[in-house]
Every structure is written in C-alpha cells, then in structure tokens.
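Colleague: Before we discuss the ligands, may I see the model and ask how its descriptions are justified?

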Amino acid sequence: MDNYKNPRDNFFKEIENINHPDETLVPTHCSYCAMQCGMNLRVNTKTNKIIGVEPRYDWPVTLGKMCPKGVTAYQQTNHPDRLLKPLIRDDASLKGTKKGFREASWEEAYDLIVKKFKQLQADYGKDSLSVYGGVSMTNEKCYLNGKFARVALQTKYLDYNGRFCMASAASGINRSLGIDRGSTVPWTDIPETDCLFLAGSNTADCHPTMMFRVWAVQERGGYLIVVDPRETPVARRADVHLDLRPGTDLALANGILHILIKNGHTDDDFVKKHTNGFEETKELVKQFTPEYTSQITGVAPEKIIKAAELYGKAPNAILLFARGIEQQVKGVDNVSAYINLALVTGNIGRPKAGVGTITGQGNGQGGREHGQKADALPGYRKITDPEHVKEVAKVWGIEPEEMPGEGVSAFELFGLMEKKVIRSMYLLCSNPVVSAPDSNYVRKVLKQLDFMVVSDFFLSESAEYGDVVLPTTTWSEDEGTTTNVEGRVIKINRAQMPLGESKPDWLIQVELAERLGRGKYFSHLKTSEDVFNELRLASKGGKADYYGVTWEKIKKQDGVFWPCTKEEDPGTPHMFLDKKFYFPDGKAKILALPYVPAAEEPDEEFPLHLTTGRVVYHYLSGNQTRRIQFLKDMCPEPFVEVHPETAKKYDIEHEERVRLFTRRGEVIYKVKLTEAIRKDTLFVPYHWDFEQAANILTNPALDPISKMPEFKACAAQIEKLEMKKVQ
Ligand SMILES: Nc1nc2c(c(=O)[nH]1)N[C@H]1C(S)=C(S)[C@@H](COP(=O)(O)OP(=O)(O)OC[C@H]3O[C@@H](n4cnc5c(=O)[nH]c(N)nc54)[C@H](O)[C@@H]3O)O[C@H]1N2
Ligand SMILES: Nc1nc2c(c(=O)[nH]1)N[C@H]1C(S)=C(S)[C@@H](COP(=O)(O)OP(=O)(O)OC[C@H]3O[C@@H](n4cnc5c(=O)[nH]c(N)nc54)[C@H](O)[C@@H]3O)O[C@H]1N2
Ligand code: SF4
Ligand SMILES: [Mo]
C-alpha cells in the first residue's frame, strides 16, 4: 500500500515538475484536521507571498491526497479579513458585536493588558485570570501556553478546546491502556488489517484522505464495520452498518462483547497474561443478549451477531473510534467498552491489529500532552502529583510550591465566570461562542467578564466579546511541530513572513511575560525551536516523552512517533509490541461498564433524538472556512437532516424551513430530506454562528471523568413554520 499509485498521479507529478521560474515550494502540512496532509505551499519569490498549493506525493501518510478544505487552506494567509494590527475596544456597550474597536499599537495593547491583569489580580487574587487555549496551535505554542498561565500569570485556571474534542478518548484510552498515544498503530497498517471497525466516525467527510486506506481493506477481502445512526458514505459500503440510536454505544459494545465470549472468539491466553478484569466484565455482559441490546440500541439482533462474528474471526482487526462515541456523558465509558473488544480478542500490541481514536484537530494529540489542560503538565504529567510538579518546576526554574494547583475544565470555566470567581479570560485559538454547548449561556457569561483578551487572525464570533484582540499568524507564517492522528511528530514550515503586524502566539506570550515582570522565565526563548527544545526537556521522563525528537530527525525520518526517549531512538510507530501496558503490573484493563442512558432522552414534549457533527466543506466553528469562497459556495448554510417518513408525519418537505427546538433554545433550519438517517433522529452540522448555531440547542451535560459535553445526543422537536417553501 505504501507504493499505492493512483493512475492519475503521473499526470499530476508531471505538472509538479514543470519549472515555474518565480516560484518556490515550501513542504508543510495542512492547517486543519489531524490527518495533517502533506502539502507544498507555492510561494512567489518576487513578492514572497503564498500563491497556491500542491499535494505532496512523497508524504507517506497521505500520498498526495487532499480534501476541499486542504486545497483552499492557503487562501487564509493573505485573506482581506486578516487582522493586521491589535484592536482595543473603546465602547464596552458594544461587546458581542464587530463594532466599537479601534486599531492600536502592540505597545498600547500590551500596556493595557498588563495594567488590567495586574489590577484584577491585586483586587481579586491570582486565580481571577483564566486562559483558554486550542489545539490548532503547534506543540511549541500549546506547551508555552501552559507555562504562560502557570508561570507568567500564576493562575490555576487554564483549559483548552480539546475538552470538547479529544478529552473522552484521552481519558478512556488512559484508563484502559495506561497511556494515550491516540492510536496504537500507524495509519499505514490500516489497509493490511482483516477487519476495520469504525465507531462514531464520519470518516469520508472528516478524515477524507484516509479513505483510500479504508477501501483497501475491503479490496483485499477484509471487512468493514461501521457504527453510526446515519448512513454516512463510509457506512454505505460497510459489510455491517450498526445504525444505533444516538447515545446507546455502551449497550452495543457490551452486546458485541457478549457474543464474542459466547461464540468463543476470545484470546484466552492473551486475556490471562496481559489483562485484568475479564471475569467481572464477562459477568456484566451476560445480560446483553442480542435481543436486549437490540431493545436499547434499535439495531437488529442479526446485525449485532454478524459484526461480532466478523470482528471475532478476523486474524487481525483494527478498531477506531471518533467523536460519535466520545461526545456523550458516558464518552469515557464508551471508549473503554470498545477497547474491551480489542483486549478480549487480543487485537492489540502487534502490527495490523490495534485500537485508536481518530484525532480531530490538527494538533489534537500533541496539544493535549504538554500541559495546556487544567490537570496536566508537560509530558502527560499530572499537576496533582508532587513528583511531577517537582520535575517540571525544575525545568521552568520555579519552586514546586509556586506551581498553581488543578483548575477546572473548559465548560466549567464559564460557570466560574458567571459566579465572578474568574474575572478575565485570555482566549487563544478557539471560538467557544460557536463551539461550546448552550451558546446563549456562553454569550451571556462572556459579556459580563471584566476584561477579555483574544488572539486570532480573523475576528471570530468570540473575539467580538474581546476588550483587546491580538492579531496572530496563520499556520503558514510560523514554524513548529504538530503530532498527527497516528502520534507522529511532524514539522510545519514557514512559507511567508507574518502579514501586517501579526505575531505568533509564542512570541506574544514571551513579550507579555516580560512586561508582567516574569521575563527571567521566558526571555531565553528566542525562536520556536528554543521552545521545542525546552518542551523536550520538560517532557523527558513523562509518559509522552519527546526528549529524543528533534526537528532534524523529523525531517530525516518523515516524522517521529513518540515515545522517543533518546537521541538515537527512532521512535515508536507500534505501541505495546512487548505487550507491556502502562500499569504497575503491565496488564491492560478490561472494564465492566453498566449501561446508562443519555442525559436527556426523548419524551412526549421532545420526541426526537438530535445529534450534531460536520460536513466536509467546513471546519469546526467555521471562522476559517466560512471565509473561503469555494467552501461557502459548496455549503452556504446549515440544515437539518430528516428521514422522509418523519417529514411526512410533520408535513414538511425538502428545503422547507422548520423550527427545531430543545430545552435550551430554538433555531430555524432548512430541511434536508434523506433516507440516510434513523427515523427517530435529526442531524445538524454545527459550523455556523449566532441564530444558526447548533449549540443553541445542545445539552451541556458533562461526562463526569472527561468533562466532555454531550454534543451527540439530546431530545428535540421540530415544527412546521407558517410560511411554505423558501426559494
Ligand atoms: N470536514 C471536516 N473535517 C473535520 C472537522 C470538521 O469540522 N470538518 N473537524 C475535525 C475534528 S476537530 C474532529 S473532532 C473530527 C470529528 O470527526 P468525526 O467524529 O468523524 O465527526 P462528527 O461529525 O462529529 O461525528 C461522527 C459521526 O458520529 C455519528 N454519531 C452521532 N451520534 C452518535 C452516537 O451516539 N453513536 C455513534 N456511534 N455515532 C454517532 C454522527 O452521525 C457522525 O456521522 O473531524 C475532524 N475533521
Ligand atoms: N454541537 C457541536 N459542537 C461541537 C462539536 C460537535 O461535534 N457538535 N465538536 C467539538 C469539537 S470536536 C471541537 S474540536 C470544537 C472546536 O471548537 P473551536 O475551538 O471553537 O474551533 P475552531 O473553529 O478551530 O476555533 C479556532 C479559532 O482559533 C483561530 N486559530 C486557528 N489557528 C490559530 C492559532 O495558531 N492561534 C490563534 N490564536 N488562533 C488560531 C481560528 O481562526 C478560530 O477562530 O468544537 C466542539 N463543538
Ligand atoms: S483531510 Fe484534513 S489535513 Fe487533509 S487536506 Fe483535508 S482538512 Fe487538511
Ligand atoms: Mo474536534
């Protein structure tokens, strides 16, 4: 498969080889999802500006594939909407709108921030400030953001947008396997496996450039199992599509485990030598007969049996999951319940067999490993562990007692803002007004903050609540590393100098730290590589050990899989080849997980399930992709997917506008009739703002362990509007 050649590739290769006299190519990766597709940015050598993009055929993970977002990503860099100078809000009454800002110099913006931060901390204590980060940032920026919050601001209130993304996967994988590297196998293993099990992943729309590897499984005679309430493109071609009710994965996974045990598909030797907890789990899943499981999930018993047989009989199987199973109040349990399937069948710890989460954001993996989270320190260390605190404090040059304690999760930060415990937020690389659940509430809370700083390169809906907005660089104007969907550390290269007066976030934080009087901990960081080298030291000896990763090695080897503990260590593409899981006894945990329903189940008033997700043309809160003309043309507005039979009941038609409402709020959407959804379920993509935002509707109930909101299941109702079809 690594030699896979699309017949058309030669044609494109020839184009690539044409000599463009005024152009140079800068090899890098896409700005968006964790596939981190290889691309060359085309730069005009006369203007030194990015003018286009070409795929990189030599990139081993994606072999020249790119999606519609990737091929237009370069249009962000010199976009007319770019923020070129800092903005200061003069009129606080206009918070929450684009109005009331004026341009300012960096010095003026920094002075104001320093004055306000110092004043708030003097009046209300160190923890009156908070930092909210995001993982579209490089490892260097994510790492420094954690250090900035703890050392420069000295606050415990730090968290990040991964709470809405990878938090359940991280907690679940850690709980079952003792370490969270995302995937236990590299993506090049996928086509070689005999059974690929995809749970809650709309792979074709969300990770399109891995689809050639997915199809290759079937082309080799292997099987594909997909779990999704919707018949997504990948579900359509699956050998078994388990079309469950939203929020019922835990029952389904237990039901499949029941059959694996009953039909003798367990690897008893593996279970005995390398796991704990089998007997208890076996007892628990006894009740999950196909009929009982079917009652809860709505999936036909035969399909459950068939899926278990295909997975159980496969010599090698890979099981991957994504937000469909994770963004639930029992997301962590769902993750562990699916990992149970791999553990009882011994499908882990060898090539072509394994488990993994299909990471979402570009640096969703690396960004959660290096201390940008309320409870975390670099190298996946814990801020509650005094030994870990000592190790990191030494690298940072502070006393362990100076390290702030554990804070709260992203959504819980808003609760503390509402109570005025937190008076200020420094938001960078996230747009929670669109992406957090219950957005009416989030807007209300942001409006009442004493002082808000936002760093972005476009004025996002959240930046409209800022008192100071700092113009930062796009991914193409700075360099650094990200860690892709496989756990491979890769290098983003600079193709253009920063536009206008924009600056990379790491530099902004170094300069702010100096002005806050904390320069002695930051001033030695002159380049992004300096930050990386400090990260290597800070992660050394931790679970996510990057010490042996260098920028040079990344280039030489096409990336480095962590853990990589020494300079001579090439890295770890396959996890657990020695069957040693990261627990004191080396054994993985099979967990007995009783089924619990979603936090909000349909009832008479709200009889339908509502689930939310994505379309191929837009990215997350849409602040980037809604500005790209091609993507806007292809998908200009959101919609609600409704099954034709359900539509008939409500007397609604294709493209008619309907009122969709939940206990949190209501939104008017255009109807998209499709048979590719359950009759009891509605689906809305969430990439739009204000009155079109799906998060006006979603339930902010949180998973007790990961604090992940239940984006994937709530109860809803639709209603016909008076007006008929809209033109
Ligand atoms: N085009 C595009 N690609 C993206 C992104 C984007 O915004 N746009 N975002 C990136 C990011 S950050 C992420 S996190 C990933 C997300 O990637 P995915 O997780 O694949 O995407 P989602 O659309 O959130 O949800 C996946 C599927 O879960 C299904 N689902 C809903 N409820 C349930 C349930 O209860 N159980 C199960 N088993 N399935 C359910 C939905 O129908 C949907 O098809 O995509 C990344 N790639
Ligand atoms: N209903 C519903 N809600 C969801 C989800 C869902 O499936 N359903 N999915 C959730 C998931 S998985 C995710 S990941 C979240 C994402 O939610 P957000 O974090 O809000 O997503 P983004 O749109 O990526 O926001 C990033 C912002 O930072 C800017 N930015 C990009 N790069 C940089 C940088 O390097 N520095 C700075 N300072 N800014 C930068 C972008 O312009 C953008 O405004 O949404 C979650 N919300
Ligand atoms: S699949 Fe993801 S990384 Fe690749 S081009 Fe599309 S958005 Fe970019
Ligand atoms: Mo995500």
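Modeller: Domain 3 (167–357) and domain 4 (608–720) both give residues to the shell around ligand 1, so ligand 1 lies between them. The domain bounds come from an automatic or database domain assignment. This is a predicted model, in which local features need pLDDT of at least 70 and side-chain atom pairs count only at pLDDT 80 or more, whereas totals for chains, interfaces and linings use all residues. Residues are numbered from 1 along each chain as its sequence is written, chains are lettered from A and ligands numbered from 1 in the order in which they are written, and side-chain values use heavy atoms, with hydrogens and water left out.

Colleague: What makes a residue part of the surroundings of ligand 1, and how many residues surround ligand 1?

Modeller: A residue is near a molecule if one of its heavy atoms lies within 4 Å of it. Ligand 1 is surrounded by 35 residues, and the closest are D228, G247, D249, R614 and H618.

Colleague: Why is the pair formed by D249 and ligand 1 called a polar contact?

Modeller: A polar contact is a pair of N or O atoms within 3.5 Å; within protein, one must be able to donate a hydrogen and the other to accept it, and residues adjacent in sequence count only if both atoms are side-chain atoms. A polar side-chain atom of D249 lies 2.6 Å from a nitrogen atom of ligand 1, so the pair is a polar contact. For H618, a backbone N or O atom lies 2.6 Å from a nitrogen atom of ligand 1.

Colleague: How do you know what share of ligand 1 the protein covers?

Modeller: Accessible areas come from the Shrake-Rupley method with a 1.4 Å probe; for residues, only the protein chains shown count as cover. On its own, ligand 1 has 900 Å² of accessible area, and the protein covers 100% of this.

Colleague: Which residues come nearest to ligand 2, and what contacts does ligand 2 have?

Modeller: Among the 30 residues around ligand 2, N161, S435, D456, D505 and S621 come nearest. A polar side-chain atom of Y686 lies 2.8 Å from an oxygen atom of ligand 2, and a side-chain N or O atom of N695 is 2.7 Å from a nitrogen atom of ligand 2. The protein covers 98% of the 920 Å² of accessible area that ligand 2 has on its own.

Colleague: Which domains each give at least three residues to the shell around ligand 2?

Modeller: Domain 2 (89–165 + 363–561) and domain 4 (608–720) each do so.
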